[in-house]
Every structure is written in C-alpha cells, then in structure tokens.
Amino acid sequence: MLRRTTRLLLGFAAICLVAAAECGAADAQKPVQWSFRNDVQPVLAKSGCNAGACHGAAAGQNGFKLSLRGYDNEGDYLALTRQAFGRRVNPTDPARSLMLLKPTTAVPHKGGKRFETNSIDYKILSEWIAEGAPPPRDSDPRIQKLEMFPESVLLEPGQGIKLTVRATFSDGGVKDVTHWAKFTAANATVTQVDDDGQVKVIGNGEGAITAWYLSRIAVATITAPFTNQVSPRLFSRAPRRNFIDDMALEKLRSLNIPPSPRCTDAEFVRRAFIDTIGVLPTEEETRRFLADKSKRKRDRLIETLLNRPEFVDYWSYKWSDLLLVSDKKLRPAAVWSYYDWIRGNVAANTPWDKFVRQVLTVTGDTLQNGAANFYILHDDPRTLSETASQAFLGMSIACAKCHNHPLEKWTNDQYYQMANLFARVRVKSGQRDGENIVFTVTDGDLVQPLRGKPQPPAPLDSPPLRMDSPEDRRIALANWLVSPDNPYFSRAIVNRIWANFFGVGLVEKVDDLRATNPASNEKLLSAAANYLAVHKFDLKSLMRAILQSETYQRSSKPLPENEADTRFYSRYYPRRLMAEVMLDAISRVTGVSTPFDRPDGSKFPAGWRAMQMPDVSADSYFLKTFGRPERATTCECERNADPSMTQVLDLSNGDTINKKLRARDCRISRWMQSSATPDQIIEHAYLSAFSRFPTKDERAKLAKIIQASPDRRAAVEDMYWAILSSKEFLFNH
Amino acid sequence: MLKITGKGSVTTCDGVTRRDFLQVGVLGTIGLSLAKFAELQAMGAAAPGSDERSCIMIFNLGAPSQIDTFDMKPDAAAEIRGPFKPIRTNNPDIQICEMFPLHAKLADKFSLVRSCYHTAAAVHDTGHQMMQTGRLFTGGVNTPHAGCALEFLKGRRNELPAHVLLPMPMGPTGGNMPHGQDAGFLGKAYDPFVLNADPSVKNFQVPDLLPPKEIGEARLERRRELRDVVDDAVRDFEASPNASLMDTNFSSAYRLMTSTRARQAFDLTREPQKVRDRYGMTRFGQSCLLARRLIEAGVRFVTINTFITVFDEITWDIHGSKPFTSIAGMKEIVAPMYDQGYSALLEDLFQRGLLDKTMVACLSEFGRTPKVNSAGGRDHWPNCWTICFAGGGVKGGRVVGKSDDIGAYPVERPVNPPEVVATIFKSLGLDLETHLPGPQSRPFPLVDYGTQPIKELF
C-alpha cells in the first residue's frame, strides 16, 4: 500500500498562518525555556528534516546528518550546534542560523521550503537559538503518554473530522501537540488525513489513523458503515456456533454488512480438506460425505481431518517454511534432523508454547536434536533476536537495530537489550557431516554501537536480567516470550492460523503485528488469543473452533451488500491454492504423480507429494512460478500468492498439465479403456476436482462438446484441461 | 491511444475490440488491481493516456572497456591507450574506436556520458543491480528493475506485456547475487516477460507462448469453450481481487497466445532477410530486431542482455585469459556484432519515426582498468566508464562528462547509477517523486530524494 507520507513530508508549509489559534495555544504552553528534546526535535520531525529521505538518511544529506526522526538527541544536538563551524545555529543573530535560513529557503535548500518565517516552528527554533541553544538535559521531562481524540468515531463518506493529539509528560505537563504529530492513514481506501490531523472519509469500511510524536504512537479508528438496507434481525438471528461468530457478527453489524449464508456440503468438504491438510478429498471421500445424512457430519469431518496423516505433512511444511528448513545453509543430514524434529512435534500435537520454548532454549547436537539447527541458520545475536521476534511474535524489530523503530515503540536500547539475550550462545562442529553442537557460555555481551557498551539483557519491554548472572539468558527470554501474559505471542500464532483458514489475517500482513497496523477486528483477535492461551496453546483446539464456526462455514458467494468487504469475514474469500497444494491437486486429479529431483540430480522417492518435501530444494519450474518461498528470510512475504501471466502460460501451454494429460497412466486412459460414457467421465472429473456433482446444464453442455469430437481422448483431455485451469479448481472457495 | 506509427508496417485489426482494449490496457492491467490503480491515479502517478514513450535498455553484460570503445585516450602511454585507434564520426566533436565504423555514421543520433562511476564492490552483480534498479541491494531490500517499476506504474498498453526481457535473464557473473532484472519487492506479478530463447536460431519460438504441437487451433478453441462452461459456475468470484487477477491473466495470456499482433511481433520470419541480415544473424542482433518489433507492437520496455554470463562466453569481460575474453575476442567477435546490431536498431527506429519516442540506453556494470594487464586484457574498474543514450527526448551528438587523461576518474560531471535510472524515468515521463509500495508497506521513493536525471542529455 502506498502511504501518503511523502506528500506529508513534501507538502508541509505555512500551517501556522491559517491556524493562528494554535499559535496562541502554543504560546500559552510556552515553557520557561524551549527544550531541545521536547520542542525542537518535534519541529524537525514534523518538518521532515530528519526524515529518511532527507537528513535522517544513514549518510545524511549534503553533509548534514540527523538521526532518523530524532532518536539520538545528543548526536543531533552536536550536529546542529558544533558541526559546519557552528553556522547552523547563531545565538548572537538567530535569524542568520543555517537551520532557519535553509528551511525557509532564504538560502538555497535542496529540500525546499519547510516552514515560513512567521510560523510557530520558526518561532520555536529562533527563540531556542536566542536562548543560547540549550542542550538536551537528563532532567528534561519525558513523554509518558500520547492520546488522540476522538479515539473512535462513526462517520459517513464525505464527512470529515479534526483529530487532536495530546501528550502527557513526566512532570505532569499536558500539551496539545496536534501541530507536531505526524499522521498516517492505515487504510487509504476509507480515510485520508492531512498534516493538521484533518480526516476525510472517502469510502465505507474502517480506517485507522496513526499519530506519531516523540517516538510515541496513538491510534484513532474511523468507522464508516456501509449504506445497506439490512434488518438488524439478520444479525441477531444469524446462526452462531462460538465466540468467533459472536464477535465477527458484532463487527459486521457495526459496519452494516450482511453475512453470506452457509456454504454447501460440497463447498465445505473441499474447503476444509485444503485448509486443514492441503489435499483434495478423493472422489470416494466426497461421495461419502455428501451422502451422509447426519446433522453432525461437518463436526465429524473436522475431527477426522485434525487426525489425518496428511495433517502432519501439511503443518510440518508450514512450520518448516516458518523456521526456514533449507539446504542452503544446512547439510542434508541436518535438514532431515530439523524437519523430523518439526514433524515429530506436529504429530504429537506439542503445544505451541512448548514448541517455541524448545527452539529458543535448545542445546546439544544438531543431528540428535533437530531444533538446534535454529542456531545454525541464525548465528548472530541480532539476527537471532530479529528472527525470533518475526517468527514467534509476528513483529519486525529490525528497524530498531539502527534507530528507534519509526512505526513502533521499540527503541534502539531495547533492541540491543533483547539481542544481548542471545550473546552467549556458541556453536562448535561435531564429527559427522552436518553435525554441530550448540551450547551456552557464562560470559560475553553484545556491544550497542550507539552507546559503545552493552545493554543489560532484557526481553523487549520487561525488566533486565543481571549482567553477571551465569544462567542461560534464553530461559528468561523463553519465559517471557511464551508467557500467556505476553499478548504478542498468542496473537502472532492466532493470526497465522487464522490466515491459513480465512486467507486474510485479522492483521495484514500476517507477520506485521504492531500498534500502527491494527487488526480488522481487535476484539476477535484478543478473544482468539485468549482462547488459545486458556487451551494451553493447543493449536488444534483453535483450528477446531475456527473450522466449526459459522464464520468459516459461510459461502464464498458474495451478496450485493457484502461484495466490497475484504476484511471482515462476511463471506469466505476465494484464494489461489498455494503452489505445492496446487501441484499435488493436479497430480491427484490426473492420477499422475510429479517426480521431484534435487539440484544434485538425486531423486525424492516416487509418489511423494510436494507437501511432503523437507525443504525447497526440489527443482520445479511450476513451484517456482507459483511462488514457493526460498526459505531465506523469516517473512510471510517470501511466499508469493499473486497470480501471474507466466503461471497462466504454464498451465495453458506448459508441461505441467499437458504432460500429465498425455501420460499413459493418466486417469483419462482408464476411462478410455472402460465403457464409461461422457456423462460418467464428467461426473468423475467434477467429483475429483471440484468435490461436487456437475449440474444438469454442465453435464449437457460438456457432453455435447465431447461427443462432437471424432477424437474422444483429445476431447476428454481438453475437458480435463479446462477443469484444471478453471478458477473453481485453482482456488479454494 | 494505441496507434502503431511505424512506417511501412501495417497494423491489422486482430479482433481486439475497443472494449477488450479498455479492459486489458487500462483497468485489467496485469497485476494491477482496481484499488491499486485508483490509488495511483489519486496520487497522480498514473495519469491516463499520458505517454507514448518506450525504452530499450541494452545491457552490455561483461562491461566494455571505456578506453577501447567510446572514450579513447590516443595521447596516453601505450599501456593505457591499448592497441586500437580512434576514428572520426559524422560529428566533429566525437571520436570513437575503429572497431565501431557503423556507430561512426550515427554519432549525431546518440550521446555519450563519459563520466559514469559507482563506489560499490567491483563485481559484475553489484553494477547490474545499480544500473538497472538505481540502487544497490542492501538489508534484503531488492529494488525493482526500471522496466518493472514502469510496468507497475503504467500497466500494459495492449495484449502484449509491458516489459519484455530478451533473450534470457542474466546468469552467473561471479558475485552470486541477484542481478536486479525482476520486480523485486513489487512482487512477481510485475516481473518482466522473459523470452528464454535465442531469437537467431532456426525455427525460433517463444516457449509456452504457443500451445503444444498437438493442440491445434481447433483444440485451443475447444479448450476455451470448455473452460467457459466450467468456469461459469464461479462467475461471482470476481468480487475477489485475486480471482479476477487470475481471470485477467487468463484472458491476457489467451489474448497473447491468440493475438495476431503478439504472434506477429514475436515472429521474426516476417522480416525480410535483408533486414535480418542488417541486424546480424546473431543472438544480440536478432534480439535488437525483436525489440524493435515489440516496441512497435506496444511493449513499453525491452531489456536486452547483450550476454548472459561471463564464463565461457566471448563477452566484453576482457580479462585477457580463460574462461574470460581476450582483446582479440572482443575485436573479432563482440565489437562487430555489437556495432552491427546497435546501428541497425538505431537506424531502423529513426527511419520508422520511433526514435523520438523510444529511448535506447546502452549500459554496463562498470568500466575497465586504464592500464592493460599482463594478459593483454583489462580488469574491472567501476571508477569511470562510458554509457550511451539515444532517442526518447535525448539530443544526439552530445558528450556529457569527461574522464581524466587515462580514463580513470571523472573530471567533469560525474554520473552515478541512480542518475542513470532517473534519466530513463524522465524519458518515460514518470514523476520522480512517485512512491512505490516498498517492503512492509513502507513507501519507497522511485528514486532517492534529490536524485536528478542527466539533464544535459535532453
């Protein structure tokens, strides 16, 4: 999504001219002396001076470097007052200071005009200089709280509202900082916001506005319900199975979006198989399910699926994606050891907190305890802490490696506190190929470059451990990370599981959890996270709740009133099968398996499915084209679900489908040798590919085309091609 | 809007109706969902119908020696000036190497920048990244190729892809890094359409563009008919952006496969043998010819890799010893091929009235050491080299920048890779202050703030 940040940065000018009242307000708030930390830095940030594209760039701009968004007060103060021969501030003649001449373009400024000479910003900077440019002091009040008003509001498209931002400081001072807050609209299709916090609603739905001030974040939610004529009874009468339905319906009601009705049994059986175990139901399984008259058959199917062997294949593959099981850095024996460790735990349904704790605190031989390979794939305390946060907290803290996180509360200090937890892990090589021993030592610390010394080890926002404590620091980390009190941990895994079943995470991107990226249904995410914690992190319990919910079982067919909804689960959103599942499905329907070769020429056993691969080394044009991840970095973005034309050309003209259709052991050969009528063949094909019977109309039309052909086999091949390249096949729906 | 203006080439209507075109060319643009497009329009980054500009990027993989090509130093010592002599061109201000007699007749059409440099490691791959995307890949951020950014911002003009890569992507060049020939963080939907074949071979065809042999026109038509019946059941999928993108891809692919325009554009046998010979029956020469045909047919951006790898291929990479290339290899094979293909392309574009609208940018990853090495070759030298622009608003016959007496460092108007890519964007009519959706939705400037095109060229 494109953010409006640039326009905000570049378009800033002359705000105070029109907002005279604000100037007055700021005047009234004027402390005894302007503070560098609390008054000057916000001006520099709002004016864009220390933005990444300007002087906040790693190399600065035109010889003048500030810290990104002002995280380094001392360094910035030195840059402004001591560098460039002191020309940037001139206390005897403030108006001749470069830091005023440049942004008002009194002298040429590549970055253009940032504020006017009669603005409050100019006033603050010039008065601060005239006061002798006092430095940041330890005794400065610190910001404690940032709030935005109104916190949530109901509006219609076309309407607007002016947001107000208020900061509270440690000395009890409260300040209206709206003018210096930087605003961002999280959903640009619903709301726009300008530099002054003036919001304009442009579409229906829900949009969050974020305000940033002195590294703090405040969020306001703007709701613009759809203008549908929906009877409130529709929501109160809608069937509910569990808490998921309660909360999803509450949200739909607030937005006036009606839910689609329940999906058919045929839709459910295909959907549940694909989402839970990554394979299509066989023709037999489908027939049996459709014929079953029992009322509880969906629940029974769910239980069966949660206990199928393919469940282990599917979720082992998913967690292998997450943990980057790959032959790029691991020898084959280590790949198998890591993969088998994951498989074993999936098979045993190890609770997620135990699973993660084992990964984080592992010691020993990488070939005996596969989890130890986590420390082979990532061997630097910084990478380890970034990877652990990304994988298990759905949170990217990498920005804070060099500067305070611009979109989150994490500071550079906290980053190095966290990374220092991994500073005492060591690895030595073992005797065998791929064997390493992971162990910890009792000394050694990671130095934070900015401060030139290590930070006391601490999990992000908890109190630090003692530097001299000899215990394995990772245990404290694991205790904090997997604790039911750590909201990030359960939310992160809930969001991943949720996205697996619904296609769209409650938070999008799936592993981008942060205050500035709110969930589409916060109550639902919290409740699901709580549910998982209460159920002791048994992932199957969450999967069961999801699969049983009416929300999951809604039809994918949109109603005119919910067609525009893509975030609130008023219907099931169709989505392309993941590369591996699609290839397996093509093999299943044609009856021709796909051989997988490694780059070194060795082969995986015949008949193995793509979802059974331990790593991503199998050489496959199809899988690459359809977005199989490389497993190089911990990021959901590695897997690409976008349809592309190359994919379509491969389906249409390439080898994947065409070769299987021509193959001698293809299912089609069996139909040709049997006495099956076109109608029977059509039925078999539909049941195996779509898990439903063809309609009368489909039977008639397809049979007509097949019968018109003198070459029966070619015609049936063409029908299979049409089925395998159809959206109904390529999508889960 | 979609007028093919080439003289002598007749555009036949191939059944693309105006409605089809509107769908494909404007809204159904591959990979560009409605929301994204609306957003871009709101930002002023995709003004409808704003341009007719195109670009052919010739990437001289291997990296030619500036001193043995377009920035000769005849007055320098023998170990600097090398074995070749300068010749006059049709422009009194420009002298070039004797290896390029056909270039010499066109020196009023192209302009040289003799002061390009970069400061990254002197391996091929870094230069590939910077010269094609404008940036060195750092921190896991793979920036998009200029043609992919264009495709993202403007979409395709018709059933042909917006960005085609000829003849195949860059292979190993020693650094084992990405080469910057894909859409990077924009996602695979914006990767170039890759030819993956040598257009100079007999019976050349685009892989997967045409159905397998046994699927004739009748079966193709039947398949489409069957698919229409089958897919009718899920018509309402269109509410899902991904499903409609898949649909768009199917219709685009189908249109591409069945489009006379596309088939003809890729069909080099439609050119008189005389024309093919003028370009040279080499992989490079025929790629140039194909590029001209594709631009003519509506493709916005064509990238031509002059070579694919520096190993065991005779290229510009004249280290002088195996597996690399010798000076003789360059003289006898590389330079004549290049001289022929490039000059044919420029002349052809000019004669067809396409040159004004089509920038031809000849780039490379670095230059070569001023001093000839012990093997009689030259090694990697990113501190100064020459690149060449023509068309697309570039005034011909100019020399921008100047290197020192031995071609080692720029002494006037140093030009860095971001400026080169900004120059291409300027020619294409893109707003340099546009932002792309970067990793983790971070707005990513098309070019870094303050980066300017090489204004002296226009």
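Two residues count as in contact here when their C-beta atoms, placed from the backbone, lie within 7 Å. Keep that cut-off in mind, and also that this is a predicted model.

Let's start at one residue in chain B and work outwards. B:Leu160 sits in the loop between helix H6 (146-154) and strand S5 of chain B. Leaving aside residues up to four places away in sequence, B:Leu160 touches B:Leu256, B:Ala262, B:Ala265, B:Leu294, B:Ala297, B:Gly298 and B:Val299. Take B:Leu294 from that list: B:Leu160 and B:Leu294 are 134 residues apart in sequence, yet their C-alpha atoms are 8.3 Å apart in space. Is B:Leu160 buried or exposed? A residue is called buried if 20 or more other C-beta atoms lie within 10 Å of its own. B:Leu160 has 24 of them within 10 Å, so it is buried.

Just along the chain comes S5(B), residues 163-166. B:His163 and B:Leu165 point one way from this strand, B:Val164 and B:Leu166 point the other way, and all are buried. S5(B) has a partner in strand S7 (residues 301-305) of chain B, running parallel to it and joined by 4 bridges. It also runs parallel to strand S6 (residues 193-194) of chain B, this time with 2 bridges. B:Leu165 takes part in both pairings: its bridge partner in S7(B) is B:Thr303, and in S6(B) the partner is B:Val194.

Now zoom out to the sheet these strands belong to. It is an open sheet of 8 strands in chain B, ordered S6-S5-S7-S1-S8-S11-S4-S12, and the pairing is mixed. At the edges are S6 and strand S12 (399-400) of chain B, each pairing on one side only. Further in, strand S1 (residues 54-59) and strand S8 (residues 358-363) of chain B pair in the parallel sense over 6 bridges, with B:Ser54 opposite B:Thr358 in S8(B). Helix H11 (residues 283-297) of chain B packs on this sheet and touches S1, S5, S7 and S8 of chain B. The direction of H11(B) makes about 175° with that of S7(B). Helix H13 (residues 417-427) of chain B packs on the sheet as well, touching S1, strand S4 (110-116), S8 and strand S11 (385-390) of chain B, and its direction makes about 170° with that of S8(B).

For chain B as a whole, the count is 13 helices and 16 strands. Buried residues make up 54% of its 458 residues. Of the contacts in chain B with a separation of 6 or more, 73% are between residues 24 or more positions apart.

Where does chain B meet its partner? The contact involves 51 residues of chain B and 52 residues of chain A. On the chain B side, helix H2 (34-42), helix H7 (217-231), helix H8 (241-258), strand S15 (435-437) and strand S16 (443-445) each supply at least two residues. H8(B) gives the most, with 10 residues. By class, this side of chain B has 27 nonpolar, 11 polar and 13 charged residues.

Crossing over to chain A, you find 31 helices and 17 strands. Its radius of gyration is 30 Å, close to the 27 Å that the globule rule gives for 733 residues, so chain A is as compact as a globular protein of that length. The C-alpha trace spans about 100 × 70 × 50 Å along its principal axes. Buried residues make up 50% of chain A.

For a closer look at one helix, try H19 (residues 473-481) of chain A. Its buried residues are A:Arg473, A:Arg474, A:Leu477, A:Ala478 and A:Leu481. Seen down the axis of H19(A), they fall within an arc of 135°, so they line one face of the helix. The cover over them includes helix H15 (352-361), helix H17 (381-393) and helix H20 (487-502) of chain A.

Finally, some backbone details in the loops of chain A. The peptide bond from A:Phe149 to A:Pro150 is cis, with omega near -10°, and A:Pro150 lies in the loop between strand S1 (143-149) and strand S2 (152-154) of chain A. Another cis peptide bond joins A:Glu508 and A:Lys509, with omega about -10°. A:Phe537, in the loop between H21 and helix H22 (539-548) of chain A, is a residue other than glycine with a positive phi, near 60°.

Terms used
Residues are numbered from 1 along each chain as its sequence is written. Chains are lettered from A and ligands numbered from 1 in the order in which they are written. This is a predicted model: local features need pLDDT of at least 70, side-chain atom pairs count only at pLDDT 80 or more; totals for chains, interfaces and linings use all residues. The radius of gyration is taken over C-alpha atoms; the globule rule is 2.2 Å times the number of residues to the power 0.38. A residue is buried if 20 or more other C-beta atoms lie within 10 Å of its own, exposed if 12 or fewer, and partly exposed in between; C-beta atoms are placed from the backbone. Two strands pair if DSSP finds at least two bridges between them. Axes are lines fitted to C-alpha atoms, for helices over the stretch in contact, and angles run from 0 to 180 degrees between N-to-C directions. The arc is that of the directions from the helix axis to the C-beta atoms. Ala, Val, Leu, Ile, Met, Phe, Trp, Tyr, Cys and Pro count as nonpolar, Asp, Glu, Lys and Arg as charged, and the others, Gly among them, as polar.
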